[in-house]
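Let's take a walk through this one together, starting with the overall layout and ending with a few individual residues. Keep the viewer open as you read.

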Amino acid sequence: DMEVRLDSGHLHSEMGVHGADRGAMLLIARREIPSGSVSAAVRWSDPDLRHPYAAAISQASILGNEAGCLVGFHYRQDRWNIEASLDVHGRPSRSYSVPMPTRGLDAITDVQIKLVRGVELDARCRYEVDDVSTSGVMTRRHRTTLRADLTAQVQRQLRLRLRSDVRRATWEHGEIHEGYLGYIEARWTFLTSSHVTARYTTYWSTSFDVAPY
């Protein structure tokens, strides 16, 4: 484990070795820029490294056995706070439910804006592409998630929150699934150290792959 701090950022690295020929590594670099920062990361794990909870009789690789790289950007100024990242990754060997190596990407953009005093809007857009196994057959899944979260401090003791999530997934063989979640929440602080929260939630999804949470 090593960390180097610079005037405008830092560099962090980790490395683990198991036996003579198996290992894993992680490298993270971050640099401050005007009104924000940029980051990059690289990770790799040997296909033969096994999760400590894996069955001793199984020849499958660990679930988190990944190699990949990530780039990220953070911008903050006045009422705006924006974060974005792109992660290109893959598993170099099969895992418990996937009979072949996989590859994919994950792109996320988060936006936070203070609309007026006491009112804040958070939004997220996420797009994922991954190789997955359906009944032992490899296919490619595209999944999109949109989320909006509005918080309002109505009074000193009362805070309201509205949340909405929509998720959609498509597979190469033509299968399509959709899901949504929405809720309204009220939080009342009646003493300095005590509060009551009430929430009404509605949700629906056609499969686990698109179930918002």
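In what order do the elements of the protein chain run from the N terminus on? They go β-β-β-β-β-β-β-β-β-β-β-β. Put as a tally, that is zero helices and twelve strands. Bear in mind that this is a predicted model.

Now for how those strands are arranged. They make an open sheet of twelve strands, in the order E1-E2-E3-E4-E5-E6-E7-E8-E9-E10-E11-E12, and the pairing is antiparallel. The edges belong to strand E1 (2-6) and strand E12 (194-205), each of which pairs on one side only. Going from one strand to the next, the twist averages 10 degrees. As a reminder, strands of a sheet pair through backbone hydrogen bonds, in either a parallel or an antiparallel fashion.

Next, the overall dimensions. The C-alpha trace of the protein chain spans about 60 × 50 × 35 Å along its principal axes. Its radius of gyration is 22 Å, whereas a compact globule of 213 residues would have one near 17 Å. Of the 213 residues in the protein chain, 26% are buried. The chain exposes about 14,000 Å², and carbon and sulfur atoms supply 58% of that area. As for contacts with a separation of 6 or more, 40% of them are between residues 24 or more positions apart.

Let's move to the C-terminal end of the sheet and follow the pairing there. E10 and E11 run antiparallel and are joined by 13 bridges. If you want a register mark, look for Arg167, which stands opposite Gly179 in E11. The hairpin of E10 and E11 has four residues between the strands, and in it Gly174 takes a positive phi near 105 degrees.

One strand further on, E11 (residues 176-191) is joined to E12 by twelve bridges, again with the two running antiparallel. This pair also forms a hairpin, with two residues between the strands. Two register marks help here: Gly182 stands opposite Thr202 in E12, and Trp188 has Val196 in E12 as its bridge partner.

With that framework in place, zoom in on Arg161, which lies in strand E10 (residues 158-171). What does Arg161 touch, not counting residues up to four places away in sequence? Its contacts are Asp149, Leu150, Thr151, Tyr183, Ile184 and Glu185. With Tyr183 there is also a polar contact between the two side chains, at 3.3 Å. Is Arg161 buried, partly exposed or exposed? It counts as partly exposed because its relative accessible area is 22%, and the buried class takes in only values under 20%. For a sense of distance, the C-alpha atoms of Arg161 and Leu181 are separated by 14 Å, with the two residues 20 apart along the chain.

One of those contacts, Glu185, is a good place to go next. Glu185 lies in strand E11, and leaving aside its neighbours within four places in sequence, it is in contact with Arg159, Leu160, Arg161, Thr197, Ala198 and Arg199. The side chains of Glu185 and Arg199 are joined by a polar contact of 2.6 Å. Why does Glu185 count as buried? Its relative accessible area is 7%, and the cut-off for buried is under 20%.

Finally, have a look at two loops with backbone angles worth checking. Most residues other than glycine have a negative phi. Ser35 goes the other way, with a positive phi of about 70 degrees although it is not a glycine. You'll find Ser35 in the loop between strand E3 (22-33) and strand E4 (36-45). At 31% relative accessibility, Ser35 counts as partly exposed.

The other case is Asp78, where phi is near 50 degrees, a positive value in a residue other than glycine. Asp78 sits in the loop between strand E5 (67-77) and strand E6 (80-91). Is Asp78 buried or exposed? With a relative accessible area of 74%, Asp78 is exposed, since that class takes values over 50%.

Key:
Residues are numbered from 1 along each chain as its sequence is written. This is a predicted model: local features need pLDDT of at least 70, side-chain atom pairs count only at pLDDT 80 or more; totals for chains, interfaces and linings use all residues. Side-chain values use heavy atoms; hydrogens and water are left out. Buried means under 20% relative accessible area, exposed over 50%, partly exposed in between (1.4 Å probe, protein chains only). Contact means heavy atoms within 4.5 Å. A polar contact is a pair of N or O atoms within 3.5 Å; within protein, one must be able to donate a hydrogen and the other to accept it, and residues adjacent in sequence count only if both atoms are side-chain atoms. Two strands pair if DSSP finds at least two bridges between them. Axes are lines fitted to C-alpha atoms, for helices over the stretch in contact, and angles run from 0 to 180 degrees between N-to-C directions. The radius of gyration is taken over C-alpha atoms; the globule rule is 2.2 Å times the number of residues to the power 0.38. Accessible areas come from the Shrake-Rupley method with a 1.4 Å probe; for residues, only the protein chains shown count as cover.
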